[in-house]
Amino acid sequence: MIKSEIEINSENPFLNDKLDREKIADVLTKIIDGNSGNFVLSVESRWGTGKTTFFKMWKQKLDNTDKYKTIY
């Protein structure tokens with residue numbers, strides 16, 4: 001079965017997120033904000049658990065502010 005990608009709304013990236021992962025994005029954003037130097041953030045989970053979709057949503061949320069510069 002082929003799964004389709006979740007639509008990521010540009011104004012509200014977590015609008016279609018049924019797993020309520022915006023809270024996780026908010027915690028990770030606080031971690032970024034709390035570090036003044038360079039660091040590595042690693043996210044690990046099984047294949048197919050939604051890491052890519054989460055990061056696309058989080059990136060869009062960060063891009064909606066003028067505070068962060070992101071790449072994907």
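Begin with the whole chain in view and consider its contacts: among those between residues at least 6 apart in sequence, 63% join residues at least 24 apart. The model is a predicted one. Its protein contains 2 helices and 0 strands. Viewed along the principal axes, the C-alpha atoms fill a box of roughly 45 × 30 × 20 Å. If the display is coloured by accessibility, buried residues account for 17% of the 72 residues.

**First stop: the nonpolar core**

Select Phe14, Ala25, Leu28, Phe54, Met57, Trp58, Leu62 and Tyr68, and show their side chains. These 8 residues form the largest nonpolar core. Next, colour the helices α1 (22–33) and α2 (51–63), each of which supplies at least two residues of this core. The greatest contribution is that of α2, with 4 residues.

Now centre the view on Leu28. Which residues does Leu28 contact, leaving aside its neighbours within four places in sequence? They are Leu41, Phe54 and Trp58. Of the residues just named, Phe54 and Trp58 also appear in the list of core members.

**Second stop: a salt bridge to the segment before α1**

Turn next to the charged side chains. Side chains of opposite charge can pair when their charged atoms come close. The count for this model comes to 7 salt bridges. Select Lys56 and Glu5, whose side chains meet in one such bridge, at 3.6 Å from N to O. Lys56 belongs to helix α2 and Glu5 to the segment before α1, so this pair ties together parts that are 51 residues apart in sequence.

Are the two partners buried or exposed? Lys56 counts as partly exposed, at 27% relative accessibility. Glu5 is exposed, because its relative accessible area of 65% is over the 50% cut-off.

**Third stop: a network between the helices**

Move along α2 and select Lys61, then add Glu22 and Asp26. Salt bridges link Glu22, Asp26 and Lys61 in a network.

- Lys61 and Glu22: the closest N and O atoms of this salt bridge are 2.7 Å apart. Lys61 lies in helix α2 and Glu22 in helix α1, so the pair ties together parts that are 39 residues apart in sequence.
- Lys61 and Asp26: here the closest N and O atoms are 2.6 Å apart. This pair links distant parts of the chain, with Lys61 in helix α2 and Asp26 in helix α1, 35 residues apart.

Display the accessible surface of the three residues in turn. Lys61 is partly exposed at 24% relative accessibility. Glu22 is partly exposed as well, with a relative accessible area of 29%, and Asp26 is partly exposed at 30%.

**Last stop: the second largest pocket**

Rolling a probe the size of a water molecule over the atoms shows where empty space is left. To find the second largest pocket, select its lining: Ile32, Phe39, Leu41, Phe55, Trp58, Lys59, Leu62, Tyr68, Lys69, Thr70, Ile71 and Tyr72. The space in this pocket is about 280 Å³.

Which helix gives the largest share of this lining? It is α2, with 4 residues. Coloured by class, the lining shows 9 nonpolar, 1 polar and 2 charged residues.

To finish, keep the pocket lining selected and bring back the core from the first stop. Trp58, Leu62 and Tyr68 belong to the core and also line the pocket. Leu41, a contact of Leu28, is likewise among the lining residues.

Technical notes: Residues numbered from 1 in each chain as written. Predicted model: local features only at pLDDT ≥ 70, side-chain atom pairs only at ≥ 80, totals over all residues. Heavy atoms only, no water. Core = buried A, V, L, I, M, F, W, Y, C linked by side-chain atoms within 4.5 Å. Buried < 20%, exposed > 50% of the residue type's maximum accessible area, 1.4 Å probe, protein only. Contact = heavy atoms within 4.5 Å. Salt bridge = Lys/Arg side-chain N within 4 Å of Asp/Glu carboxyl O. 1 Å grid on protein atoms, 1.4 Å probe; cavity = no way out; pocket = protein on both sides within 12 Å on 5 of 7 lines; lining within 4 Å. Points joined across faces, edges and corners; volume = space filled by probe spheres on them. Nonpolar A, V, L, I, M, F, W, Y, C, P; charged D, E, K, R; others polar.
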